[in-house]
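Visitor: Hey, could you walk me through this one? I'm new to reading structures.
Guide: Sure, let's have a look together.

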Amino acid sequence: MASLPGEDRGARLRQALAAYDEALHMRRDVPLDYAQTQNNRAVLLSDLASLPGEDRGARLRQALAAYDEALHMRRDVPLDYATTQNNRAVLLRDLASLPGEDRGARLRQALAAYDEALHMRLPLPRDPEQPGGSAA
């Protein structure tokens, strides 16, 4: 979220977070909208984590929880699911750099998320029996 000169970026991000939280209450009955809002909320929480005075670890863990919530509702939309998994992997990599985190475990989780994202983005193998398929 861009900010204007003289504007308090942290205050604007916290206002946006409150708006996302309110939107989540209204979107609970629309799973894909709810998932998109959770994904956007996670991105915002990651931005908040980079600001001075914020508890970086707590904000990143909140973002991780938001990504996890979004993933539960995005499984049937492969590109959205893959994008959220990719975002989640980046966040896990960031978490791995924090003191007190199990770096190896977080990096393995990130790798698994990247793998899952890649799996969802790869084209499905063609059936050689179908038109356009290739025979071995």
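Visitor: Is tyrosine 34 buried or exposed?
Guide: This is a predicted model, and in it tyrosine 34 counts as buried, because its relative accessibility is 2% and the cut-off for buried is under 20%.

Visitor: Where is tyrosine 34 found?
Guide: In helix H2. Leaving aside neighbours within four places in sequence, tyrosine 34 is in contact with Leu24, Arg27, Arg28, Glu69 and Met73.

Visitor: How far apart in space are tyrosine 34 and glutamate 69?
Guide: They're 9.1 Å apart, C-alpha to C-alpha, with their positions 35 residues apart in sequence.

Visitor: And what do arginine 28 and glutamate 69 do with their side chains?
Guide: They meet in a salt bridge, 3.9 Å from N to O. Arginine 28 lies in the loop between H1 and H2 and glutamate 69 in helix H3, so the pair ties together parts that are 41 residues apart in sequence. Arginine 28 is partly exposed at 48%, and glutamate 69 is partly exposed at 26%.

Visitor: How many salt bridges does the structure hold?
Guide: Nine. One of them joins glutamate 54 and arginine 59, at 2.8 Å from N to O. Glutamate 54 is buried at 19%, and arginine 59 is buried at 16%.

Visitor: New topic: at roughly what angle do H1 and H2 cross?
Guide: Roughly 160°, with their axes coming within 10 Å. That makes H1 roughly antiparallel to H2, and the crossing is left-handed.

Visitor: What classes of residue are in that contact of H1 with H2?
Guide: There are 11 nonpolar, four polar and seven charged residues.

Conventions: Residues are numbered from 1 along each chain as its sequence is written. This is a predicted model: local features need pLDDT of at least 70, side-chain atom pairs count only at pLDDT 80 or more; totals for chains, interfaces and linings use all residues. Side-chain values use heavy atoms; hydrogens and water are left out. Axes are lines fitted to C-alpha atoms, for helices over the stretch in contact, and angles run from 0 to 180 degrees between N-to-C directions. Helices (H or I, at least four residues) and strands (E, at least two) are DSSP runs, numbered from the N terminus. Angles under 35 degrees count as roughly parallel, over 145 as roughly antiparallel, 65 to 115 as roughly perpendicular and the rest as oblique. A crossing is left-handed if the near helix is turned anticlockwise from the far one by less than a right angle, and right-handed if clockwise. Ala, Val, Leu, Ile, Met, Phe, Trp, Tyr, Cys and Pro count as nonpolar, Asp, Glu, Lys and Arg as charged, and the others, Gly among them, as polar. Buried means under 20% relative accessible area, exposed over 50%, partly exposed in between (1.4 Å probe, protein chains only). Contact means heavy atoms within 4.5 Å. A salt bridge is a side-chain nitrogen of Lys or Arg within 4 Å of a carboxyl oxygen of Asp or Glu.
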